Amino acid sequence: MYYRELINLSGTGVEIIPCFADPSEVAVVAKEAGGLGKEWLDAHETYQNKRGLEIVQNHFTFALKLSRGDQSFLDRLPNTVALKEKTQDYVNEMSAEFPSLENWEADELSFHLYDDQEVGLSRHRDNLRFIGLVAIVAIEGECDLVITHKGQDMISPVLPGDLCLLRAPGLIDTDEEIRPEHSVQNLKTETRLSMMLRANDRPAEAIPGFKFNNWDPGQTSD
Ligand SMILES: [Fe+2]
């Protein structure tokens, strides 16, 4: 497959693979996420990021560190683990076009449950520590992924089962900024659930403003 938006420097940096997971695969993951109950962390907040940009996020999170911490949560989430494996395999197979993805390995898995119809997560770029690709599978509900590219907003509706691949540092060999500016907007359903996988080139460090359910970097050393 030719990933035009990822491989060309002038591309948007986002490729959406429609129907990556079928309805039965996402339904069982949604059920597992729904069973997390009090584990969900309330991440609704507004803050200024490093660039001084105001970030609005209207979502709950459940996040697992995969390279450290208590891994017993995974036993409760077998279908989620299966979808994670399928996504990681897909990314690794993309190494035919992007050699840097050959050993790409998710360091974290997180669910995001958005509940604001207007803004789920305002415009931002993912942190530089996340390398290769950021992979997001839409699980339940509908929204728009808005890419701000060359000053213009490009709106992509995202449906359950779609895989969104966002370019991250190291994917292609360049010093230019290749991370897409993106936002989650316009929920068309009461809530919207997604599963995100990210590789991390500083896995032992805390991520500012981001909490894991199974690992506290303040208490855990390498
Ligand atoms: Fe993001």
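**Two helices and a nonpolar core**

Modeller: In this predicted model, the cover over the buried residues of H3 includes H2, E6, E8, E11 and E13.

Biologist: Which residues of H3 are called buried, and why is that word used?

Modeller: They are Thr-80, Leu-83, Lys-84, Thr-87 and Val-91. A residue is called buried if 20 or more other C-beta atoms lie within 10 Å of its own, so each of these five meets that cut-off.

Biologist: What puts them on the same side of H3?

Modeller: The buried residues cover an arc of only 105° around the axis, and therefore they lie on the same side of H3. The face turned away from that side carries the exposed residues Pro-78, Glu-85, Asp-89 and Glu-93.

Biologist: How do you know that the span of H2 agrees with its number of residues?

Modeller: At 1.5 Å a residue, the 12 residues of H2 should span 16 Å; the end C-alpha atoms are 16 Å apart, so the two values agree.

Biologist: Which residues of H2 are buried, and what do they pack against?

Modeller: Val-26, Val-29 and Ala-33 are buried in H2. These residues cover an arc of only 60° around the axis, which places them on the same side of H2. The buried residues of H2 pack against H3, E6, E8 and E13.

Biologist: What makes up the largest nonpolar core?

Modeller: That core has 49 residues, and Leu-133 and Val-137 have the most contacts inside it. Among the elements that give two or more residues to this core are H2, H3 and E8. The largest share, 8 residues, comes from E8.

How values were computed. Residues are numbered from 1 along each chain as its sequence is written. This is a predicted model: local features need pLDDT of at least 70, side-chain atom pairs count only at pLDDT 80 or more; totals for chains, interfaces and linings use all residues. Helices (H or I, at least four residues) and strands (E, at least two) are DSSP runs, numbered from the N terminus. The expected span of a helix is 1.5 Å times one less than its number of residues. A residue is buried if 20 or more other C-beta atoms lie within 10 Å of its own, exposed if 12 or fewer, and partly exposed in between; C-beta atoms are placed from the backbone. The arc is that of the directions from the helix axis to the C-beta atoms. Two residues are in contact if their C-beta atoms, placed from the backbone, lie within 7 Å. A nonpolar core is a set of buried Ala, Val, Leu, Ile, Met, Phe, Trp, Tyr and Cys residues joined through C-beta atoms within 7 Å.
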